[in-house]
Amino acid sequence: MHAKTDGLQNRMTLATWGLLALLGLIWGGSFFFARIAIQHVPAFTLVLLRVALAALALHLYIFGRYDIYRELKARWPQFLLLGLINNAIPHTFIFLGQTQIGAGLAAILNATTPVWTVLIANALTQDEKLSLAKIAGCLLGLAGTAVLIGPSALPGLTQAGSNIPLWALLFPVAAAVSYGFAATYGKRFRGLAAPVTAAGQLTASTLIMLPLSLTIDTPWQLPMPPMTSILAVLALALLSTAYGYILFFRIMSRAGATNTSLVTLLVPPSAILLGFLFLGETLETTDIAGMLLIAVGLVVLDGRLLPGRAKQG
């Protein structure tokens with residue numbers, strides 16, 4: 001196992017690091033674009049537009065390769081479940097939360113995804129059990145989450161200069177939990193070409209979100225959103241989702257899943273920077289402390305720094 005990981009680490013060239021940084025910026029941008037769009041597009045409709053446009057773009061990109069239509073027909077129940085827990089549920093929770101919180105804070109809370117993935121994999125699988133490093137990383141990540149949510153969870157206390165409802169903080173965390181289940185369930189798609197898995201889940205989540213959007217949001221009765229929101233929706237779907245998946249798969253093919261997972265550390269700073277520059281968002285001291293705890297927890301979960309130091313000792 002360690003030999004395989006070391007081989008993947010050696011493939012992290014300067015160009016690959018550049019692609020990883022670009023992916024972090026693009027996925028951080030998804031929280032930025034969502035914060036703009038959600039002001040004028042209801043959450044269920046925004047999720048529908050995101051997944052439907054991204055699915056269309058990926059189908060055009062694949063254009064019949066990889067026997068995609070045969071795979072979609074054979075695995076449609078599995079794709080429906082994956083689309084539900086990896087797209088429909090988490091995107092809806094994040095967008096609903098972002099009606100009350102900024103892009104940076106939503107990205108920080110969602111960065112707990114690897115923590116929940118480790119805990120869920122430990123409970124549901126036989127080959128990914130908790131180690132001391134994983135336990136330490138989970139505790140640090142959960143402590144960071146508690147720091148972020150804590151002030152709003154106590155009666156009579158709110159964060160300085162803000163009045164954020166507790167549900168708005170819990171929804172991005174619930175989205176991270178859903179992503180954790182999706183990461184564990186998604187292992188059964190290892191035999192498929194990655195673009196097929198992406199297109200399949202986005203197609204399925206489109207079918208899930210369509211009736212929800214039509215019945216809950218009744219989008220035909222909504223006023224036309226401003227051009228800034230329309231452009232944000234397009235960027236969210238085409239750049240952060242469709243192109244983001246393509247870039248993600250390219251990095252994974254070059255550097256492996258472990259190295260690619262480092263993008264989790266880059267998404268919150270990107271979202272924070274974009275929110276600060278263009279939306280006037282700021283973070284409280286507790287937000288920064290929570291982000292640092294989560295970041296340290298993810299580094300410990302990654303597990304590569306500590307073994308390296310152990311070898312030196």
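**Close-ups of an all-helical predicted model**

Of the contacts in the protein between residues at least 6 apart in sequence, 87% join residues at least 24 apart. Keep in mind throughout that this is a predicted model.

**View 1. The whole chain, built from 14 helices and zero strands.** Reading from the N terminus, the elements go α-α-α-α-α-α-α-α-α-α-α-α-α-α. The protein has 313 residues, and buried ones make up 48% of them. As for confidence, the mean pLDDT is 85, with 87% of the residues at 70 or more.

**View 2. Helix H3 packing against helix H10.** Here we have residues 43-62 (H3) and residues 194-217 (H10), with axes 7 Å apart and an angle of about 150° between them. Angles over 145 degrees count as roughly antiparallel, and H3 and H10 are therefore roughly antiparallel to each other. The crossing of H3 past H10 is left-handed. Sort the residues of this contact by type and you get 19 nonpolar, six polar and one charged.

**View 3. Phe63, in the loop between H3 and H4.** Most residues other than glycine have a negative phi. Phe63 isn't a glycine, yet its phi is positive, at about 50°. Is the residue buried or exposed? With a relative accessibility of 69%, Phe63 counts as exposed.

**View 4. Glu71, a buried residue in helix H4.** H4 covers residues 68-74. The relative accessible area of Glu71 is 12%, and the cut-off for buried is under 20%, so that's the class Glu71 falls into. Which residues does Glu71 touch, once neighbours within four places in sequence are set aside? They are Tyr66, Phe79, Leu192 and Val196. Take Leu192: it sits 121 residues from Glu71 along the chain, but the two C-alpha atoms are separated by 8.5 Å.

**View 5. Thr218, in the loop between H10 and H11.** The helix on the far side of this loop, H11, spans 227-260. Thr218 has a positive phi of about 40°, and it is not a glycine either. Its relative accessibility is 21%, so Thr218 counts as partly exposed.

**View 6. Helix H2 meeting helix H6.** H2 (residues 14-37) and H6 (residues 103-110) pack with their axes 9 Å apart, at an angle of about 130°. That makes H2 oblique to H6. The two helices make a right-handed crossing. On the H2 side, the contact uses Phe31, Phe32 and Arg35; on the H6 side, it uses Ala103, Ala106, Ala107 and Asn110. By type, the residues of this contact are five nonpolar, one polar and one charged.

**View 7. Gly24, further along the story of H2.** Gly24 is a residue of helix H2. How accessible is Gly24? Its relative accessibility is 0%, so Gly24 counts as buried. Leaving out residues up to four places away in sequence, the partners Gly24 touches are Val263, Leu266, Val267 and Ser270. There's also Gly244 to look for: its C-alpha atom and that of Gly24 are separated by 9.2 Å, with the two positions 220 residues apart along the chain.

**View 8. Helix H7 crossing helix H9.** The axes of H7 (residues 113-124) and H9 (residues 166-185) come within 8 Å, and they cross at roughly 45°. H7 and H9 are therefore oblique to each other. This crossing is right-handed. From H7, the contact draws on Thr113, Trp116, Thr117, Ile120, Ala121 and Leu124. From H9 come Val173, Ala176, Val177, Tyr179, Gly180, Phe181, Ala183 and Thr184. That set divides into 10 nonpolar, four polar and no charged residues.

**View 9. Two stretches where pLDDT stays under 50: residues 153-161 and residues 308-313.** Where pLDDT is low, the predicted coordinates should not be read in detail. For residues 153-161, the model has 12 contacts beyond four places in sequence. For residues 308-313, the model has one such contact beyond four places in sequence.

Conventions. Residues are numbered from 1 along each chain as its sequence is written. This is a predicted model: local features need pLDDT of at least 70, side-chain atom pairs count only at pLDDT 80 or more; totals for chains, interfaces and linings use all residues. Side-chain values use heavy atoms; hydrogens and water are left out. Axes are lines fitted to C-alpha atoms, for helices over the stretch in contact, and angles run from 0 to 180 degrees between N-to-C directions. Helices (H or I, at least four residues) and strands (E, at least two) are DSSP runs, numbered from the N terminus. Angles under 35 degrees count as roughly parallel, over 145 as roughly antiparallel, 65 to 115 as roughly perpendicular and the rest as oblique. A crossing is left-handed if the near helix is turned anticlockwise from the far one by less than a right angle, and right-handed if clockwise. Contact means heavy atoms within 4.5 Å. Ala, Val, Leu, Ile, Met, Phe, Trp, Tyr, Cys and Pro count as nonpolar, Asp, Glu, Lys and Arg as charged, and the others, Gly among them, as polar. pLDDT is the predictor's confidence in each residue, from 0 to 100. Buried means under 20% relative accessible area, exposed over 50%, partly exposed in between (1.4 Å probe, protein chains only).
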